[in-house]
Amino acid sequence: TATATTTGATTNAEFFARAQAAIPGGVNSPVRAFRSVGGTPRFLVSAKGAYVTDVEGREYVDLVAGWGPAILGHADPRVIEAVTDAAARGLSFGSSTPAETELAELVEARVAPVEKLRLVSTGTEATMSAIRLARGFTGRDLLVKFAGHYHGHSDGLLAEAGSGLATFALPGSAGVPADIAALTLVLPYNDLDAVRAAFAEHGDRIAAVIFEAAAANMGVVQPSHRFNAELVEIAHAHGALAISDEVLTGFRVSAAGWWGLEQGETAYTPDLLTFGKVIGGGMPVAALGGRADVMDHLAPLGPVYQAGTLSGNPVAVAAGVATLRAADAEVYRTLNTAAARVAGEVSLALDNAGVPHAVQAAGNLFSFVFGDKFVGTGAQDYASVQRQEAYRYAPFFHSMLEQGVSLPPSVFEAWFVTAAHDDAAIDRIVAALPAAARAAASA
Ligand code: PMP
């Protein structure tokens, strides 16, 4: 292939060796290195619909979906056309464009608490900026977060973070000043007593509580009944803001994200929300949005500084607009059906192989916890997911990979379907499951 001649490498192993010499760990984001499952990461060259293809020409049914953005399926023609058209008109202007407003309006039409929206490039930037905004608005410094919730890699949020860090079992990160980490209170998830206690003690110094709308970076852990609602109430009772992080759930679990699924008696209204992934349709777009009076504290109107050379980049925004426009009710029905079928089939195969487990689901996001103690109950917090038989996942993962199915390379990650996961794609997954479940059973 052209790739092979220009680099001299042809196999995944050769590309990985070369990458490791040039790039720390051979990767630009840690979980890609397969450290938790072992083995050689696949070097991908293309993706289409429900499939990805590696440098060796092997095709895999993909259950990573770019870690969430590809709800329509990879390389959806509507998105590719929008990006190609935008690129032909210029890659970056550093000036306002009509499409930025359209993207903001699309979000505001879907998610009622978003009265105004500011675009950034990554989820990390979105949460970092939302926290600065909450601090600037309230004049307070403390932040509350939950163990196992991941909000990107800014300093104050790397305290017991989930995702890659959960895998590597690090307490935080080297390089985070103790004084900055000390401004963050880390509480157990789904524990309102812990929230009440923290606010009772520090309430007048807490600027905000930030939470994943439904946790999906320690595997999937749904908020318990009315958890989000009570959390927002407690924060407000103490004059703090509630920041709902929908970087992962936003525009994936419903047209209005997780917020849209909690209506009626579980309804809650966050002051700020953060988005990423789907909002960029696979390009670097993320956002923070919420109450107009809070958002207007951002520069240039207000005293809270925030900026970005590539914020609202026209090519990236074109992908986001095309994705949200295409993500209609039918797309969400397809996502939900595909997710339910894959989760059900995996669970059945694990049962048939005698592997005790529970399905962890939040809308169309799902993952699995292994071990007797989870059967019938699942896991509700970070301490609990950590106590699973995680060693069963690596052999399961590798058996699936060998059979042409690409799963998230860590048991502490959500699985992602796309609207392109049709019966043919899911049948390929199902065919691979018995052998993979047997591998998990004998681990
Ligand atoms: N918040 C949540 C809930 C996320 O899932 C992620 C990424 N997985 C982030 C924030 C950080 O986003 P990014 O990787 O784009 O910085």
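**Notebook: ligand shell, domains and a helix pair**

I looked up the ligand first and found 15 residues around it, the closest being Gly 123, Thr 124, Gly 152, Val 247 and Leu 248, where a residue counts as near if its C-beta atom, placed from the backbone, lies within 6 Å. I note that this is a predicted model, in which local features need pLDDT of at least 70 and side-chain atom pairs count only at pLDDT 80 or more, while totals for chains, interfaces and linings use all residues. Residues are numbered from 1 along each chain as its sequence is written.

By class I listed five nonpolar, eight polar and two charged residues in the shell, with Gly counted as polar. Helix α5 (residues 123-138) gives the largest share of that shell, three residues.

I then turned to the domains, whose bounds come from an automatic or database assignment: domain 1 covers 2-71 + 328-348 + 359-367 + 391-437, and domain 2 covers 77-326. Their centres, taken over C-alpha atoms, are 26 Å apart. I found 26 residues of domain 1 and 28 residues of domain 2 in the contact, for which C-beta atoms, placed from the backbone, must lie within 7 Å. On the domain 1 side, α13 (329-352), β11 (357-362) and β12 (365-370) each supply at least two residues, and I recorded that side as 15 nonpolar, eight polar and three charged residues.

Last, I checked helix α15 (residues 393-402) against helix α16 (residues 423-441), and their axes lie 7 Å apart at an angle of about 155 degrees. That makes α15 roughly antiparallel to α16, a term used for angles over 145 degrees. In their contact I noted eight nonpolar, one polar and no charged residues.

Terms used
Helix = DSSP H or I, 4+ residues; strand = E, 2+ residues; numbered from the N terminus. Contact = placed C-beta atoms within 7 Å. Axes fitted to C-alpha atoms, helices over the stretch in contact; angles between N-to-C directions. Parallel < 35°, antiparallel > 145°, perpendicular 65-115°, else oblique.
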